[in-house]
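These are my notebook entries on one protein chain, written while I looked up its strands, sheets, helices and a few single residues.

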Amino acid sequence: MTEGPTDLDSLLGLRSVKRSFFDQYRAAESRLRRSMHALDRVSGALVRTAEGPEELMLSVLKVAYDQLDAEWALVALRDGQLPSVEPRHVIVDPEGRFVAFEGRDLAPVPEGLPKDVVNVLLAVLRGGRSAEVADAGGPEAVTVPLILHGGVIGGLASWRHPGRQADDIDTVVLRILAAQAAVALHNSVLFRDKEMLLARAEEAYEEARGHVVELSRRNSELEIAHRELDAAHRQRILDVERSRMARELHDSVSQLVLGAGMHLQLGLDAVGDADRQRPLLEKAVHLTDQAVDQLRSVIYALRTIDDGDGRLSRLIEDLCRLHVPSTMSSEVRVLGDEVPTTPGIEHELLRIAGEALSNAARHSRGSGVVVTLDFGDEAVALTVEDDGVGRPQDLRGLLEAVRTGSPEERHGLVNMRERAEMVGGVLRISGSDAGGVAITVVAPGVGGLDAAARGPVR
């Protein structure tokens, strides 16, 4: 009867239960357990890839140090390989401290660093072949290369602790560790670079978004400015054309009408009261006065100052050129600091000045006229005076006589008084220092003083 296999045979696959086979089994089991433990530590070291290449180097070095129960261990990268990794080399001393020469805040390099450690480090950094690196470590060292894409990128070395002999498992474990560590370092660098690129891309994206918003805002401002510029350009063209039309009316039509009116007035003065032609001449003089007044209104509406100077004194200088003939002189004087008035007051003062200048040119028989603007704190005074033969009392009498009749020649004075009263001012007629007539209008100025309080019309 054949005896079947025992439980031990089934579990262990042994053909015999002799002592020698059991001892081999125990040795194989011990080696297997140690190998599995070592590989587990290798796996634990390599999973730190995401923490960055620096942390990965420290983990790999710690496994090599512990696996051999080493006195010294180092990991180093050749010059030019994985240049973004720092530190380029790390050493573990007999006390288990990580030390480095540069690139990281580690413990300082201890004095009396073994020559074999220094030789391996220099051989790796200078790019020596694997055999040269191994020889540099001496007989106590287990040295393996870090290989990536078929090329050596560095080295891993561990020096056995006295009394601790390395076996082939240690060498195999370090080779596996070195091979996987080289790939893990490369991947870690790629992962970190990817993260950095993503961060930079996000920053660039946010910056680009900011630029887009800023460009959009500036584009809107540019479009608004462009529209305003187009509008200003069109307005400028209109202003130039209006100025040209105003100059044409002033230099040609108005001068012709003024000349016709003056000749008609001379003709009227030459005929007697009983002459049958007198009513016709009076009507013609009145019509020319109306034509001049309408021309003056049109020129006011068209007139623009090309140099942008809209001061009241500057506008009155234009009036002098418009109403005063070349046979008479004209001058504009300004007293005090010229300050702007309201548009309504300025308009009425200009119309009064134009009427007074026209009367002086047509009736005074003088050689010159002077316009004075006196700017006070609360009022502005306009005075038009000539050196003619007119008498102030006669004009004041004509102005008072308007209530009993309205002869055509009195309309100019009435218009001036009514325009002065429209803006809260008063009109005075007095003698001129030059010997003729002075017509003065006092209107409220910046201070808002009621100019009528300055006295009754005389």
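**Entry 1: strand β8 and its partners**

I began with the pairing of β8 and strand β10 (residues 437–444), which run antiparallel and are joined by seven bridges. For the terms, I noted that helices (H or I, at least four residues) and strands (E, at least two) are DSSP runs, numbered from the N terminus, and that two strands pair if DSSP finds at least two bridges between them. Within this pair, Leu-382 stands opposite Val-441 in β10.

I also wrote down the sources of what I read here. This is a predicted model, in which local features need pLDDT of at least 70 and side-chain atom pairs count only at pLDDT 80 or more, while totals for chains, interfaces and linings use all residues. Residues are numbered from 1 along each chain as its sequence is written, and side-chain values use heavy atoms, with hydrogens and water left out.

Next I looked up the other pairing of β8, with strand β7 (residues 368–375), which is antiparallel and has seven bridges. Here Val-369 stands opposite Asp-386 in β8, and the two strands form a hairpin with three residues between them.

Is strand β8 buried or exposed? I took buried to mean under 20% relative accessible area, exposed over 50%, and partly exposed in between, with a 1.4 Å probe and protein chains only. Eight of the eight residues of β8 (residues 379–386) are buried, so this strand is largely enclosed by the rest of the structure. I recalled that in a regular strand the side chains alternate between the two faces of the sheet. In β8, Ala-379, Ala-381, Thr-383 and Glu-385 point one way, whereas Val-380, Leu-382, Val-384 and Asp-386 point the other way, and all of them are buried.

**Entry 2: the sheet that holds β8**

I then followed the neighbours outward and found an open sheet of five strands in the order β6-β7-β8-β10-β9, with mixed pairing. At its edges stand β6 (329–335) and β9 (426–431), each with a single partner strand, so one side of each is left without a neighbour in the sheet. From one strand to the next, the twist averages 15°.

At the β9 edge, six bridges join β9 to β10, and these strands run antiparallel; the bridge partner of Val-426 is Val-442 in β10. Helix α9 (residues 343–363) packs on this sheet and touches β7, β8 and β10, with its direction at about 10° to that of β8. Helix α10 (residues 392–400) packs on the sheet as well, touching β9 and β10, and its direction makes about 145° with that of β9. Contact here means heavy atoms within 4.5 Å, and the angles run from 0 to 180 degrees between N-to-C directions of axes that are lines fitted to C-alpha atoms, for helices over the stretch in contact.

**Entry 3: the sheet that holds β1**

I looked up another open sheet of five strands, which has the order β3-β2-β1-β5-β4 and antiparallel pairing. Its edge strands are β3 (98–99) and β4 (141–148), each pairing on one side only. Strand β1 (residues 70–77) and strand β5 (residues 151–160) run antiparallel and are joined by seven bridges, and Leu-77 stands opposite Gly-154 in β5.

Helix α3 (residues 53–67) packs on this sheet, touching β1, β2 (89–92), β3 and β5, and its direction makes about 150° with that of β1. Helix α4 also packs on the sheet and touches β1, β2 and β5, with its direction at about 15° to that of β1. The buried residues of α4 (residues 115–125) are Val-117, Val-120, Leu-121, Ala-123, Val-124 and Leu-125. After α4 comes Gly-127, whose phi is positive, near 85°.

**Entry 4: two loop residues**

Most residues other than glycine have a negative phi. I therefore noted His-149, in the loop between β4 and β5, because its phi is a positive value near 55°. At 72% relative accessibility, His-149 counts as exposed. Arg-365, in the loop between α9 and β7, has a positive phi of about 60° although it is not a glycine. Arg-365 counts as exposed, at 72% relative accessibility.

**Entry 5: the whole chain**

Last, I noted that the chain has 11 helices and 10 strands, and that buried residues make up 39% of its 458 residues.
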